[in-house]
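I opened a fresh page for this chain. My notes follow the order in which I looked things up.

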Amino acid sequence: MNVKRFLCFLTLTTAGLGGATAMAQDADDAAELEEIVVTGSYLTRRSFDDAGSPVTALGEDDFKVRAPGGKMTDITQSIPFNFGAFTTVSQNEPSGETGGGTINLRGLGPAATLVLVNGRRQARMGFTPDGRTNLNTLVPSNMVERIEVLRDGASAIYGTDAVAGVANFLTKDDFEGFELSLDSRGTTDSFDWSSYSIGGLWGSQTDSTSFVAGVEMVKISPLRFGERPDQYQPNSNAGVISSFPFVPNVNVPLRDAGGLLTGTTTRVADPACASTPLHFISGVQCRFGFIPQFSISKEEERLNAMARYKVEFDSGIDFTGEFGFANVDTWTSSPGSTPIARFTPIVPGEHPANTYRAVDANGAALFAQDSDSDGVADRDATGVVILAANPTDPTSGIAFNEDVSPRFRPTFGPADQHGEETTFRLAGELNGDFNDRWAWNVAAVHAQSDTIRRRWDAVASILQDALNCEGGLSGTECYNPFGTKLTTMPNSPGLVDSFNTLSTDTAKTELTTADVVVSGDLLDMPSGALGLAVGAQYRVERLEFDVSDLNNIGALSFQRIADDFSGESDVIAFFAEVAVPLADNLDLSAAVRYEDTDGDFNSTDPKVSLSYRPTDAVSLRASYATSFLSPSLSQRFGISTVNRAVTDPLDGQTVVVPTSIVGSTSLEPQESDSYNIGATFDATEAFRISVDYWHFEFDGLLSSPSAQGLVNANPNDPNITRDPVTGEILAVNTPFFNASSLEIDGIDLSASYDFGGGRGGDFTAAIDVGYTTTYDLQAISGGATVDGIGRVNDDNFGTTLPQWKGTASLQWALGNHSASGFLRFYDEVVNDARVTEFAESQFILDVQYGYFFEGPQVSVAIGFVNLFDELADEVTDASTFVEQLQDPIGRRVFLKATKTF
């Protein structure tokens with residue numbers, strides 16, 4: 001957050017096109033600046049390195065390399081200390097359903113990284129359980145000037161959410177002219193995926209005013225697993241199949257030797273199973289390879305727009321206003337209907353497609369009473385078929401079939417589930433001076449996110465009527481759930497349409513903040529002025545969640561019964577910060593913030609940091625902070641449901657079931673302690689190296705158990721819903737709780753070298769690596785501690801975390817020519833359920849060549865993303881690859897052009 005202005009000083013510690021060059025240039029610029037303001041402080045500093053906390057800055061040159069498709073998550077995904085973040089390729093993530101993307105510093109949870117635009121908070125996503133922020137709806141990518149990432153705890157400055165750090169997206173305010181940009185890219189092998197974007201940027205400057213506006217439109221094509229048969233095999237292992245196929249498994253009642261029902265059933269596979277596409281027999285069950293109908297990449301259409309206006313009045317006061325808007329639509333391909341999980345469908349014996357003949361325990365055919373000679377077996381008051389006097393004698397009654405219970409999906413074929421998010425944001429601030437030593441800032445923000453989610457489901461009662469041959473407009477149609485529906489006894493489209501429906505849920509989040517900050521020089525000391533900033537913030541958040549009316553009354557066959565819910569949170573905070581120049585080369589910074597939420601949660605958090613420069617070439621830093629994270633409104637009051645694959649330890653079967661992350665009003669804020677020790681060494685004017693050791697320790701971590709972890713811990717947990725007859729898992733609740741502890745530490749290392757210019761051009765190189773040394777998770781006090789390094793962590797509350805992750809780059813420039821290579825790499829991660837299966841370590845290389853045409857003022861770049869076509873490993877889970885880590889698309893060629901007017 002800024003008091004006066006954000007001043008540009010980029011000390012790039014991460015790789016990117018022109019990164020080292022930008023770093024050297026900004027170092028020269030810094031020498032000319034008397035004071036600067038950086039993310040993580042309200043006070044000015046004599047230099048960027050005086051902040052005492054590690055900050056990574058990414059500039060426009062980095063975006064050209066890191067942002068294929070123009071999404072904010074493409075920029076941040078390659079940051080080495082960003083672990084477990086989700087993008088729109090995510091299959092089983094609430095944020096992915098509506099085009100969401102996150103940043104997850106240190107893998108401590110997307111909600112533990114505070115996301116800011118020009119130092120101000122944003123509205124949260126509605127359907128996400130932890131209240132994270134959607135990076136893809138922040139601002140158009142062409143409006144972003146740089147991203148500053150603070151890599152340690154900052155609750156003393158910003159309050160809740162700034163636990164793992166802060167990502168501050170800083171936009172342009174001094175652009176002049178008009179710029180049009182085009183970007184097109186697609187896969188090279190089968191041309192099965194493509195993306196397009198067009199952007200416009202306009203700016204006008206006068207002596208007292210500044211106006212900059214940007215707009216960006218992005219379209220991304222869909223890609224299904226079925227379009228990659230050589231990469232993803234639909235029936236390759238038990239983890240990628242469903243126990244709810246379109247051709248059913250059938251639970252058939254068992255009878256004793258006298259022909260009476262025993263109350264138990266036996267499961268048999270539909271006879272048409274093995275002959276139906278994507279179906280096969282596994283043990284006694286009919287299985288369905290649902291993966292080919294799922295999306296690898298969702299279809300997406302997105303519009304982002306932003307305008308920023310600044311005016312300086314003669315009185316010395318200046319005003320800055322911002323308006324932002326975004327709309328994103330996504331269509332996710334999945335099997336045509338969700339499985340029947342909430343009720344037990346019954347196909348009566350007289351159904352014309354029911355061929356499950358009633359037999360006794362010895363296999364002898366049974367016969368029933370037909371007193372009215374209508375050819376239908378008589379039933380008693382409870383609906384049970386009345387056996388003939390001599391039930392095995394054909395002359396004493398009529399043949400009959402059993403009432404059976406199938407497990408199936410009501411329709412066949414892929415279908416699109418639609419998600420839409422619309423956001424807008426208004427922000428304004430006034431800045432002024434009391435005198436030459438003191439300044440004031442008053443700011444207000446209102447942001448809102450409206451989200452819609454439409455998913456296919458079946459109305460249970462109408463479906464059951466159709467199974468009873470009472471369906472359709474005539475009330476006499478029979479729905480055939482068996483394999484014969486695909487051959488000899490097809491269902492009419494009208495009958496299917498009568499019970500299939502699009503279930504629509506909506507969510508609305510609002511954020512309103514008001515801030516006031518006063519800062520300046522309190523007194524002069526021998527080494528400089530002692531700086532002081534004090535201020536207050538008032539913040540109101542609201543959440544409204546409206547599930548479909550059919551879902552309210554439990555009328556759907558798959559989705560859980562859910563009530564509408566809403567919540568509101570009022571926060572008031574007071575804070576102070578001091579900057580003390582202890583000596584010419586030694587600075588102390590300290591801050592403290594008190595924050596109270598609804599009178600229920602409050603926390604006082606300090607932070608202290610030191611910056612020491614023993615020589616001009618060496619800068620040392622150290623910081624210590626406590627931070628807290630209050631439960632979000634969703635975590636306290638909400639419920640969020642997604643489909644997940646769960647392996648039942650009782651029978652070894654893998655099923656895809658609804659798993660609901662359920663809020664809890666008994667949650668407490670999580671607390672953390674963190675410290676960082678680092679150094680930056682400018683060995684020469686061309687060579688810089690930086691290293692930091694960081695450590696976080698959490699108590700009461702806000703978490704929800706993974707569905708698999710909960711089932712593994714206790715297969716009969718009351719949060720697990722099982723079929724009362726077969727015992728099969730139907731649904732899993734994963735309620736939020738305060739985990740006992742999490743401890744994580746590691747090392748960040750970056751280096752850059754500028755080889756200088758010559759006849760062969762200017763070469764620069766950079767490398768940035770994050771190495772995690774400890775990632776210990778403990779769910780319950782006194783319980784087992786899990787080492788989560790190098791694991792997918794699907795069976796616990798941790799995130800996917802390779803031991804190391806990094807980037808490296810080499811850039812070349814000569815006249816109007818430029819070229820670059822950008823390498824992304826990460827260590828392997830093991831699948832928790834099957835340790836012989838893992839996502840291998842990968843090195844993914846992006847290359848590009850660019851040329852600038854001076855006359856028409858046009859720059860053109862052509863290149864490849866993932867040049868060597870490194871594909872995601874087929875790892876056993878619901879989506880077959882590790883969504884938070886791997887690139888499933890493969891090699892893409894791109895062409896970018898920018899015209900300046």
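**Entry 1: a small start**

Which order do the strands of the open sheet of three strands have? I read the order as 11-10-19, and the pairing is antiparallel. Strand 11 (261–269) and strand 19 (405–407) stand at the edges. Each has a single partner strand, so one side of each is left without a neighbour in the sheet. I also looked up the twist: neighbouring strands here are turned by 30° against each other on average, direction ignored.

Then I checked one pairing in detail. Strand 10 (residues 249–255) pairs with strand 19 in the antiparallel sense, over three bridges. Asn251 stands opposite Ser405 of strand 19.

I note that I am working with a predicted model.

**Entry 2: the whole chain**

I stepped back for an overview. The chain has 901 residues, and 59% of them count as buried. I found nine helices and 43 strands listed for it. How much area does the chain expose? The value is about 33000 Å², with carbon and sulfur atoms supplying 57% of it.

I also looked at contacts between residues at least 6 apart in sequence. Of these, 70% join residues at least 24 apart.

**Entry 3: a second open sheet**

Next I took the open sheet of five strands. Its order is 1-4-5-2-3, and its pairing is mixed. The edge strands are strand 1 (55–59) and strand 3 (120–121), and each pairs on one side only. Strand 2 (residues 113–117) runs antiparallel to strand 3, and two bridges join them. There, Val117 stands opposite Arg120 of strand 3.

**Entry 4: strands 20 to 23**

I followed the chain from strand 20 onward. Strand 20 (residues 414–433) and strand 21 run antiparallel and are joined by 16 bridges. A hairpin of four residues links the two. I picked out one pair: Ala427 has Val445 in strand 21 as its bridge partner.

Strand 21 (residues 438–458) also pairs with strand 22 (residues 500–525). The sense is antiparallel, and I read 21 bridges. I noted two positions along this pairing. Trp438 has Gly520 of strand 22 as its bridge partner. Arg455 stands opposite Ser503 of strand 22.

Strand 22 goes on to pair with strand 23 (residues 528–546), antiparallel again, over 19 bridges. How many residues does the hairpin from strand 22 to strand 23 pass through? It passes through two residues. Thr506 has Asp546 of strand 23 as its bridge partner.

**Entry 5: salt bridges**

I turned to the charged side chains. The structure holds 38 salt bridges. I began with Arg455, since I had already met that residue in strand 21. Arg455 forms a salt bridge with Asp505, with the closest N and O atoms 3.5 Å apart. The pair links distant parts of the chain: Arg455 is in strand 21, Asp505 is in strand 22, and they are 50 residues apart. Are Arg455 and Asp505 buried or exposed? Both are buried.

Next came Arg539 and Glu595. Their side chains meet in a salt bridge of 2.9 Å, N to O. Arg539 lies in strand 23 and Glu595 in strand 25 (residues 586–597), so the pair ties together parts that are 56 residues apart in sequence. Arg539 is buried because its relative accessible area is 1%, under the 20% limit. Glu595 also has 1% relative accessibility and so counts as buried.

I then asked which residues share a network of salt bridges with Arg539 and Glu595. The others are Arg121, Arg124, Asp161, Glu541 and Arg593.

A further pair is Asp887 and Arg892. Their closest N and O atoms are 2.7 Å apart, and they form a salt bridge. Asp887 has a relative accessible area of 10%, so I wrote it down as buried. Arg892 is buried too, with 9%.

**Entry 6: one last arginine**

I ended with Arg185, which sits in strand 6 (residues 177–187). Why does Arg185 count as buried? The reason is its relative accessibility of 4%, because buried means under 20%. The side chain of Arg185 makes a polar contact of 2.6 Å with the side chain of Asp183.

Methods:
Residues are numbered from 1 along each chain as its sequence is written. This is a predicted model: local features need pLDDT of at least 70, side-chain atom pairs count only at pLDDT 80 or more; totals for chains, interfaces and linings use all residues. Side-chain values use heavy atoms; hydrogens and water are left out. Buried means under 20% relative accessible area, exposed over 50%, partly exposed in between (1.4 Å probe, protein chains only). A polar contact is a pair of N or O atoms within 3.5 Å; within protein, one must be able to donate a hydrogen and the other to accept it, and residues adjacent in sequence count only if both atoms are side-chain atoms. Contact means heavy atoms within 4.5 Å. Accessible areas come from the Shrake-Rupley method with a 1.4 Å probe; for residues, only the protein chains shown count as cover. Two strands pair if DSSP finds at least two bridges between them. Axes are lines fitted to C-alpha atoms, for helices over the stretch in contact, and angles run from 0 to 180 degrees between N-to-C directions. A salt bridge is a side-chain nitrogen of Lys or Arg within 4 Å of a carboxyl oxygen of Asp or Glu.
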